[in-house]
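Hi everyone, thanks for making room for me today. I'd like to walk you through one protein, piece by piece, so please have the picture up while I talk.

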Amino acid sequence: MDSISAHELLNDVGHVRQRARGDRRATSVPLIIFGALALVDALLRTMAGPIGNIVLLLLAPASFAVIALHYRRREIAMGVGSRAQTYAVAAVATVVAFLLFLSVLLLLGMYVVVGVGLLVIALTQRNLYLGVWAVVYGVVGGLEGLSLISNRLYGAANGLGLFRTSDGYFSWSSSLIYGTLGLMLIGAGLYARRREVAST
């Protein structure tokens with residue numbers, strides 16, 4: 001084997017290694033799906049009220065299952081990856097949490113459970129980017145489940161002289177927070193997707 005073909009072979013191995021690493025640590029799919037779920041939550045809050053919480057609690061494990069199926073099909077097609085099982089376990093764990101802690105989940109919403117699930121997956125995959133967004137998702141969603149962020153918005157609106165007739169309260173503040181969270185996650189997912197494509 002001459003030096004040129006050896007160099008080409010090393011380049012090919014490097015590309016395969018980089019692609020395999022990108023496939024193993026892909027984060028765009030869960031970020032986009034759970035970002036979209038937060039947008040659905042924002043819409044349901046303006047239309048469905050408390051029923052929307054129950055719908056979302058059912059959609060959370062379904063979303064983990066969809067991600068698991070997506071990664072499983074990709075693993076079969078490409079022969080690379082081991083993520084499907086962790087998302088399938090997260091789907092089952094979310095259902096168990098739903099059954100065991102229904103009253104707490106109705107208060108906090110699905111964000112804490114999904115955030116913890118994504119954080120555990122990020123730790124097993126050693127994926128810092130997914131871990132950071134899992135914490136953001138769980139913390140912001142959990143705090144807003146207790147209306148802590150909305151209360152700050154109410155105070156700011158009152159201080160600025162907005163909505164003074166209702167003492168700073170505006171009914172769509174929760175939708176604004178969950179919608180913003182959803183858009184942030186989708187943006188993070190699209191950024192991750194661009195990096196995944198660039199590494200292939």
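Okay, let's start with one residue. Find Leu143, which sits in helix α7. Is Leu143 buried or exposed, or something in between? With a relative accessibility of 35%, Leu143 counts as partly exposed, because the partly exposed class runs between 20% and 50%. And keep in mind that this is a predicted model, so everything I say today is computed from that prediction.

Now, Leu143 has company. It belongs to a nonpolar patch on the surface, along with Leu119, Leu123, Val135, Val139, Leu146 and Leu148. Together these residues have about 560 Å² of accessible area. Which helices supply the patch with at least two residues each? Those are α6, residues 111-125, and α7, residues 128-145. The biggest giver is α7, with three residues.

Let me step back for the overall layout. How many helices and strands are there? The protein has nine helices and zero strands. So if you read the elements from the N terminus on, you just say alpha nine times: α-α-α-α-α-α-α-α-α. There are 200 residues, and buried ones make up 40% of them. The accessible surface comes to about 11200 Å², and carbon and sulfur atoms account for 69% of that. One more number for the big picture: take the contacts between residues at least 6 apart in sequence, and 71% of those join residues at least 24 apart.

Back to α7, and let's see what it packs against. One partner is α9: the two helices pack at an angle of about 175 degrees, with their axes 10 Å apart. That angle makes α7 roughly antiparallel to α9, since anything over 145 degrees falls in that class. On the α7 side, the contact includes Tyr129, Trp133, Tyr137 and Glu144. On the α9 side, you'll find Ile177, Tyr178, Leu181 and Tyr191 among the residues that take part.

There's a second pair to look at. Helix α2, residues 28-47, and α6 have axes that come within 12 Å and cross at roughly 175 degrees. These two are therefore roughly antiparallel to each other as well. Pro30, Phe34, Ala38 and Asp41 are the α2 residues here, and they meet Tyr111, Val114 and Leu118 in α6.

While we're in α2, have a look at Gly35. Its relative accessibility is 0%, so Gly35 counts as buried. Which residues touch Gly35, if we leave aside its neighbours within four places in sequence? The answer is Gly182, Leu185 and Ile186. And here's a nice example of the chain coming back on itself: Gly35 and Leu183 are 148 residues apart in sequence, but their C-alpha atoms are 6.3 Å apart in space.

Another pair like that involves Arg194, in helix α9. Arg194 and Ser28 are separated by 166 residues in sequence, while the C-alpha to C-alpha distance is 8.8 Å. Unlike the buried Gly35, Arg194 is exposed, at 60% relative accessible area.

Stay in α9 for the salt bridge. The count for this model is one, and the partners are Glu196 and Arg193, whose closest N and O atoms are 3.8 Å apart. That counts as a salt bridge because the cut-off is 4 Å. Both partners lie in α9, residues 173-198, three residues apart, or about one turn of the helix. Their surroundings aren't alike, though: Glu196 is buried, at 12% relative accessible area, whereas Arg193 is partly exposed, at 38%.

Last stop: the loop between α6 and α7, where you'll find Arg126. What is phi for Arg126? It's near 55 degrees, a positive value in a residue other than glycine. Why point that out? Because most residues other than glycine have a negative phi. Arg126 is also exposed, with a relative accessible area of 71%.

That's my tour, so over to you for questions.

Technical notes
Residues numbered from 1 in each chain as written. Predicted model: local features only at pLDDT ≥ 70, side-chain atom pairs only at ≥ 80, totals over all residues. Heavy atoms only, no water. Salt bridge = Lys/Arg side-chain N within 4 Å of Asp/Glu carboxyl O. Helix = DSSP H or I, 4+ residues; strand = E, 2+ residues; numbered from the N terminus. Buried < 20%, exposed > 50% of the residue type's maximum accessible area, 1.4 Å probe, protein only. Patch = residues over 30% accessible without salt bridge, like charges linked within 9 Å, V, L, I, M, F, W, Y side chains within 5 Å. Areas by Shrake-Rupley, 256 points an atom, 1.4 Å probe, with all protein chains shown as cover. Axes fitted to C-alpha atoms, helices over the stretch in contact; angles between N-to-C directions. Parallel < 35°, antiparallel > 145°, perpendicular 65-115°, else oblique. Contact = heavy atoms within 4.5 Å.
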